[in-house]
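Colleague: Could you take me slowly through one part of this protein, the run of parallel strands and the helices that link them? I'm new to this, so please explain the terms as you go.

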Amino acid sequence: MKPNILRGDTGFPSIHLVNAEGTVFRFARGNLKDFFDFRKANTPQRIKLPVSSFVYDKDLKNNVLPRGDFFEQGIVKIYFDFLKHENYSIDMEISNFELDEIKEKSIIDVQSVVNFERTSQTFNYSKFSTRVSMMSFAVSLTSSGIYLNMIGNILSIDIVSSGNILNTISVILSEESKSIKFELPKIGAYWMRASIFNEMGEVCAQSNWPIVRVFPSASSGLPDVLGVSDSFCYDQIAALGGSWDRAVLTLDAIPAPKGCLHFNPGTEPLPMLPPGTGKRRVMAVFGMSKWLSSKADAWDYSRYGPSDWSAYYDLVFKLVEYAYKSGVTHYEVWNEATALGHWNDDFQTLMKLHEVTASAARAAVPEMKILGACTHTWTYEYIEKFLKAGGADHCDGIAIHGYTYQPEEFVDQFDMVEKLLRKYTSHKPDFGAYITEIGFRVPAFSEDDQAYWFIIYTLETAARNLFKAILWFRFANRRPEIRSGYRQDASAGYAMTGYNDTYCRPALAGYSVVERLLGRADDVHATGSAEQRTYKFYENGCLFAIVSRSFDVAHLDPAFKHPCIKFSTLSKAAATLYIAIAP
């Protein structure tokens, strides 16, 4: 079995719990994949799913919570709903199924009772990241900590790298701020393990979270291909460096016209945005307005084309004018048109949508670039169908969302797309592919693997002439997080930084590395197979850096005397990246 985003649900069950009243809670097969280790696909695996993460299900369409407590009624039936594979038969044995009543020891999260206020912090940069070797905080009890009578307790912090404790800091907690500082000697990721002990030496609060040391933003230039896709956090995204950012707008936020373009209250996204980071900005749209949908009476009216093409033309015209004033340079016709959840109309309607959108956008702002197709994964069949039908005539490039469960096939993925572009767009020399979203969701990927594959895909993009951009998804998690559970309806697993700035994952350090390399390079060459891929970076014709998947490049050439940049946790990933930079 070889799952992927497009057909990866095949062979995985959707798990349904039914109570005595017939109410159903479901764990989606797509989320079940997050708990499956694909590297051990041919061996039995024991998977534990938190029952609290099952979501109420009503005919697979609406998820409005029912009245009462589902579990008070008692579970009377559990069933597994499998998808049939079109080409292969899949044998899957489910054994030793059981419900475990796990009583977790209640432990308080340190950050809920202690304020960590960053001192000497760079404006608009994440609290638990640093551009220099030293990191310092002012710590004090929150109102909750004072209420729980933690005054006089001891806060102990270990800074850990690859399992080794580098620093230990202790401080007596009070209402007044106390200063702590520690050193992060190398670029990369670390863990901050914090515990609070009472006067009896008992642990009364405990938690740990990732922190990072990053490169300062490139001073020599902005990477042409690099950016972040997130509808918020634009100041922080600008501080990261890069040339791209991206906003997503649902047309359903736009009510029926009353002369000029306006939005439903609280849904107007663009006027609050600062200027783009250097500056290219994508605006992706989807979700047809109910007043304009060809199936306005259907529950999924937003997934269909317009009922009035003239009205749709006028809407796009006004929207592009409005977006251009907010720095938008690229208009993405329909976000993830290959995903059933975003588009359920026929292909002919989708092609007409591209044609009318391009016509209206170019009439409104001739220099606006149009991005079409917009896959939700590496969907070669759809890309070819789109290009073969003349899609390239209605856009300036295709948008790809690079989600995959087979990142080790990255070279083949890029090769296939380039092959299709050469076949169908040779008459448009500037036509290219834009990866407007890519992410590696935790826990399907470890935090180390997430950073690793972000770097690899970015370097591969930079080395390909027909690929124009790659935007990482996403910068920050915007929803509260729970330590002992799993939320099916959240995208927290993709984020580089936590809700309310509570952590920084290794991916943030990875972003700073590629931003540094690509900001300096004017040419990037990739050689070797996927397993032994090596990237060489040139500035004014001179080689200044090498990144390799297969060996320690620091010892290949005497010119590279800079010690390898070691990601503290990245060395535990699926493979180790070796990075050398000439002095």
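Modeller: Here is a walk along those strands, one neighbour at a time.

Keep in mind that this is a predicted model, where local features need pLDDT of at least 70, side-chain atom pairs count only at pLDDT 80 or more, and totals for chains, interfaces and linings use all residues. Residues are numbered from 1 along each chain as its sequence is written, and side-chain values use heavy atoms, with hydrogens and water left out. pLDDT is the predictor's confidence in each residue, from 0 to 100; its mean here is 86, and 85% of the residues reach 70 or more.

The protein has 10 helices and 24 strands. Those are DSSP runs, numbered from the N terminus: helices are H or I with at least four residues, strands are E with at least two.

Let's start at strand β15, residues 280-286. Since 5 of its 7 residues are buried, β15 is largely enclosed by the rest of the structure. Buried means under 20% relative accessible area, exposed means over 50%, and partly exposed lies in between (1.4 Å probe, protein chains only).

Who sits beside β15? On the β14 side (residues 244-250), the two strands pair in the parallel sense over 7 bridges, with leucine 249 opposite valine 285. Pairing just means that DSSP finds at least two bridges between the strands. β15 also pairs with β16 (residues 330-332), again parallel, over 3 bridges; there, valine 282 has histidine 330 as its bridge partner. To get from β15 to β16, the chain goes through helix α5 (residues 309-325), and this β-α-β crossover is right-handed. Picture the strands pointing away from you: right-handed means the path from the first strand over the helix to the second runs clockwise.

Now step on to β17, residues 369-372, which runs parallel to β16 and is joined to it by 3 bridges. Glutamate 332 faces leucine 371 in this pair. The link from β16 to β17 passes through helix α6 (residues 347-364), in a right-handed crossover.

Leucine 371 turns up again in the next pair, standing opposite glycine 397 in β18. β17 and β18 (residues 397-401) are parallel and share 2 bridges. Helix α7 (residues 380-388) carries the chain between them, and that crossover is right-handed too.

One general tip while you look: in a regular strand the side chains alternate between the two faces of the sheet.
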